Structures are given as structure tokens and as C-alpha cells.
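Trainee: Could you take me through one part of this model up close? I'd like to hear about the biggest pocket and what surrounds it.

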Amino acid sequence: MRLLFDATESLRCCVPAWNRYAYRMNSVSLVNGSPRKQTNRRRESDRKMLRAATVLIAQKGLGQATLSEIGLAAGYSSGLPTMRFGSKSGLLEALITSMSGWCNSQIESAVAGLQGLDAVRARLDTHLANTMKYPEGAVAFQLLALESRYSLPDLRTHVDDVRGGWRRDLEMDIKVGQALGAVRSDIDARTYSDLLMGAVESTVMHALDGGIERLRRGLPQYVEVLIDKPAAADLETGEASASKVANQSQGRRSRSG
């Protein structure tokens, strides 16, 4: 047996270093699971912690949602969030990336094949639809946006990049609509993209109690009033109505004088 052991050791020493390394890694994989499984478990634990963070922030606010509480709420140890993200700021950065990535994927799917005014409507509608699907995420993001202006300035650049991307996409859609003749040519695309995004964000903040669907139904009319290019017949009717109102007002002033 001793001779057999010595022979085995001699053969092992002759194996190239890279092969011995592969052997050791394979042994580790047998104990701890394959690297792919480990990666999947890490992603799953990150996802659960970010989800728990979203819910806690929406329920308690940024200041009251602690890292240890987030870890326990996700079903892990209280120290895992710190181990994984380094700090609360690191977790919040990851949360912004995760939420914006999900939202952007929903928007891009909705506007695929659309352009101009149709893309504007679909883009805005998807923002409100996302709020209905994931209200905690909408609340948490709005709180992050607010706090990044005051108590968490380190997050401001990231939040501004996300919101700026949404606004720039709207601006481009409006410009394309103007080029196609479907959007009024007398409006500034940058200004009106700000107005539209501001309306959506205000809607999210004021209608999370169940009014989103009602406001979502009214969104097409709101867009039409702001940027839709009216038909010639509508222009004539509008001018006639405006003239009638002006004449009535002038008549009342004359009688009162």
C-alpha cells in the first residue's frame, strides 16, 4: 500500500500546474455547487434584497429602511446587504439601476415599431401602466428622486441620468412627430417633453390610492391638447368658437359700460 501511495504521489507531481488547479476547482465545485449555480444564487439573493428594499422604502421611507432590516426581510442574514453592496448608498445605487432597467425594458417593448405621436402616447401610457404593476417601485423611486435633492446628494447624478433619459426619449418622439406632420410645429420639443414627464410624475404621486386607471384613460386627450396637430376642420371650429366667445365678452363689457 505504501508503494502504491508513493506511486500515486509521483504521478500527481507530474501533472501540469494548470491541471492540478482545475482538479482543485472541480473539488470545490463538488462541495459548494458549480460556479454557475453560485452565480445564480447570488443574483437571486440580490434580487430578493432589492425587492425587500423597495417595499420597505415605500412603506417606511428611506431613513427608516435599514440594511439589516432589508436582509432579514429578504430571508437572509442582517449582514448580507452590507457584505453584498458595501453600504446603504451602494444598495440604493443598485436599486436605481434595477428599477430603471425594468422600466426601460417595458417602455421599449411598448414603443417597438411606433414613432412620433404614437410613440409619445405609448411611452407615457407605459409609465402609468408600470405604476399600476409595481406601485411600491413607483413610490420608492419618487422618494429616491426627492431625497437625492437633499439628504442623499450622491444619488443625484444617477437619478438625473435616469429621468433625463426618459425625457430625452420623449423629446425625440416629439421631434419625429413634428417631422411627420403629426405634432404641432410651433412647440418646443424640449419644453413639452418636460411638461409631459412632469404630468406623469405628478400623476404617480397623487393617484397611487387607486386613481391611476382613471387618469391613464384621460392621458390621450391630455397629449392631444398639448401637442397633437389639429385637423383643418378643428382649426376652423376652434377659431369660430374663439371669435364667438370674444364677441360675447365684448358685448357684456359694452352693456356694463
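**A close look at the largest pocket**

Mentor: Let's start with the fold: among contacts between residues at least 6 apart in sequence, 66% join residues at least 24 apart. Keep in mind that this is a predicted model. Its secondary structure comes to 12 helices and 0 strands, so the pattern along the chain is just α repeated, by the DSSP runs used here. Of the 257 residues, 33% are buried, and the protein exposes about 15,600 Å², with carbon and sulfur atoms supplying 55% of that.

Now the pocket itself. The largest pocket holds about 190 Å³ of space. Its lining is made up of R43, D46, R47, L50, R51, T54, L95, S98, M99, W102 and Y134. Two helices, α3 (35-60) and α6 (88-111), each supply at least two of the lining residues, and α3 gives the largest share, with 6 residues. Sorted by class, the lining comes to 5 nonpolar, 2 polar and 4 charged residues. If you're setting up a view, R43 and D46 are among the lining residues to label, and so are W102 and Y134.

For a contrast, have a look at D173, which sits in helix α9 (residues 156-180). D173 has a relative accessible area of 8%, so it counts as buried, the cut-off being under 20%. Leaving out residues up to four places away in sequence, D173 touches G116, A119, V120 and R123.

Note on methods
Residues are numbered from 1 along each chain as its sequence is written. This is a predicted model: local features need pLDDT of at least 70, side-chain atom pairs count only at pLDDT 80 or more; totals for chains, interfaces and linings use all residues. Side-chain values use heavy atoms; hydrogens and water are left out. Helices (H or I, at least four residues) and strands (E, at least two) are DSSP runs, numbered from the N terminus. Buried means under 20% relative accessible area, exposed over 50%, partly exposed in between (1.4 Å probe, protein chains only). Contact means heavy atoms within 4.5 Å. On a 1 Å grid over the protein atoms alone, a cavity is a set of points where a 1.4 Å probe fits but cannot get out, and a pocket is an open set with protein on both sides within 12 Å along at least five of seven lines; lining residues have an atom within 4 Å of a point. Grid points are joined across faces, edges and corners, and a volume is the space filled by probe spheres set on the points. Ala, Val, Leu, Ile, Met, Phe, Trp, Tyr, Cys and Pro count as nonpolar, Asp, Glu, Lys and Arg as charged, and the others, Gly among them, as polar. Accessible areas come from the Shrake-Rupley method with a 1.4 Å probe; for residues, only the protein chains shown count as cover.
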